[in-house]
Amino acid sequence: MIEARHLRVLRAVATTGSFSAAARELGCTQPAVSQQMKALESSAGTTLLIRTGREMRLTQAGEALVRHASGILAGLTAAEEEVAAIAGLRAGRVRLVSFPSGSSTLVPGALAALRAEHPGTRVSLVEAEPPRSVDLLRDGDCDIALAFRYGSSGGEWDDLVVRPLLTDRLIGLVPDGHRLADASSVSIGELADEAWIAGCPRCRRQLVEVCEESGFTPRIDFATDDYPAVMGLVGAGLGVAVLPELAVESVRPKGARTVPVEPAIEREIVALTLPDLARVPAVAATLDQLSLAAAR
């Protein structure tokens with residue numbers, strides 16, 4: 001019989017490439033990792049790993065087992081959490097991943113309300129942009145991913161539970177004293193000759209697409225995932241940008257003005273989880289609080 005603890009070890013070895021690195025990640029010894037891998041191969045009835053130099057290479061059977069391991073482990077986590085909550089042993093835990101502007105706007109209020117209502121629930125938070133955050137969810141490394149998308153995603157989230165939170169409109173950012181600083185609205189085409197400061201890769205792609213639809217390709221002089229850095233560069237007169245309203249809410253721009261942009265560029269903010277995890281009480285409560293925080 002294949003045991004969950006052996007699957008966790010196999011996934012760690014596959015991710016890190018060696019027994020020693022897997023041992024460090026799991027907080028155990030290298031002999032313990034080796035022993036558990038031998039036990040797993042005995043249960044599977046075939047070789048799962050081949051040593052090549054200093055690294056380990058998965059066999060075809062090993063690749064198949066790793067491919068199924070994430071879903072199996074996520075299902076086991078969901079089962080453990082739901083059973084524990086039903087039995088009244090603990091309120092549960094939630095591992096949340098969020099993009100930075102969501103972390104500074106939606107997450108604080110949601111987690112404060114969750115703690116007040118369910119003080120025994122433990123929540124951890126790490127930051128990652130989609131699609132990395134969605135990969136973490138599918139790999140079983142988080143329970144909820146706060147993510148966003150522009151327009152139709154073509155079914156990229158069909159295997160997940162999607163909780164829509166809000167629509168976040170992108171707004172223009174220009175330096176104080178810019179010719180359009182006092183405009184009631186600005187068309188993208190009016191900024192065709194400007195130097196641009198772009199944000200995260202997904203936002204950057206959307207910017208290029210919108211500009212090209214308006215007949216020009218933006219000259220991107222600077223690109224950074226750090227929204228305060230974008231605002232600082234604009235405030236210093238080094239270019240213009242479009243940023244989500246959530247990002248502008250989280251950082252007060254200095255030396256820069258916000259102006260509405262036409263045509264409207266919008267992104268959908270959602271909370272994602274796996275179907276099994278959606279039934280876990282602590283996860284469901286966190287989703288509810290995120291929805292309430294978005295509605296405020």
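Okay, let's start with one residue: Asp 288 is partly exposed, with a relative accessible area of 40%. Keep in mind that this is a predicted model. Its mean pLDDT over the chain is 88, and 95% of the residues get to 70 or more.

So who does Asp 288 meet in a salt bridge? That's Arg 163, side chain to side chain, at 3.3 Å from N to O. Asp 288 sits in helix H11 and Arg 163 in strand E6, so this pair ties together parts that are 125 residues apart in sequence. Arg 163 is partly exposed too, at 26%.

Here's another pair: Arg 257 and Asp 176, with 3.2 Å from N to O. Arg 257 belongs to strand E11, while Asp 176 is in the loop between E6 and strand E7, so here the parts being tied together are 81 residues apart in sequence. Both are partly exposed, Arg 257 at 34% and Asp 176 at 43%. And there's a third partner, because Asp 176, Asp 182 and Arg 257 are linked in a network of salt bridges. For the whole model, the count comes to 15 salt bridges.

Now, the pocket. The largest one has a volume of about 420 Å³, and 20 residues line it. Which residues lie nearest its centre? Those are Arg 11, Leu 73, Asp 139, Gly 140 and Asp 141. Helices H1, H2 and H4 and strand E3 each give two or more residues to the lining. By type, the lining has eight nonpolar, four polar and eight charged residues.

One thing to remember about H4: among the elements of the chain, this helix has the lowest mean pLDDT, 80.

Notes:
Residues are numbered from 1 along each chain as its sequence is written. Side-chain values use heavy atoms; hydrogens and water are left out. pLDDT is the predictor's confidence in each residue, from 0 to 100. Helices (H or I, at least four residues) and strands (E, at least two) are DSSP runs, numbered from the N terminus. On a 1 Å grid over the protein atoms alone, a cavity is a set of points where a 1.4 Å probe fits but cannot get out, and a pocket is an open set with protein on both sides within 12 Å along at least five of seven lines; lining residues have an atom within 4 Å of a point. Grid points are joined across faces, edges and corners, and a volume is the space filled by probe spheres set on the points. Ala, Val, Leu, Ile, Met, Phe, Trp, Tyr, Cys and Pro count as nonpolar, Asp, Glu, Lys and Arg as charged, and the others, Gly among them, as polar. A salt bridge is a side-chain nitrogen of Lys or Arg within 4 Å of a carboxyl oxygen of Asp or Glu. Buried means under 20% relative accessible area, exposed over 50%, partly exposed in between (1.4 Å probe, protein chains only).
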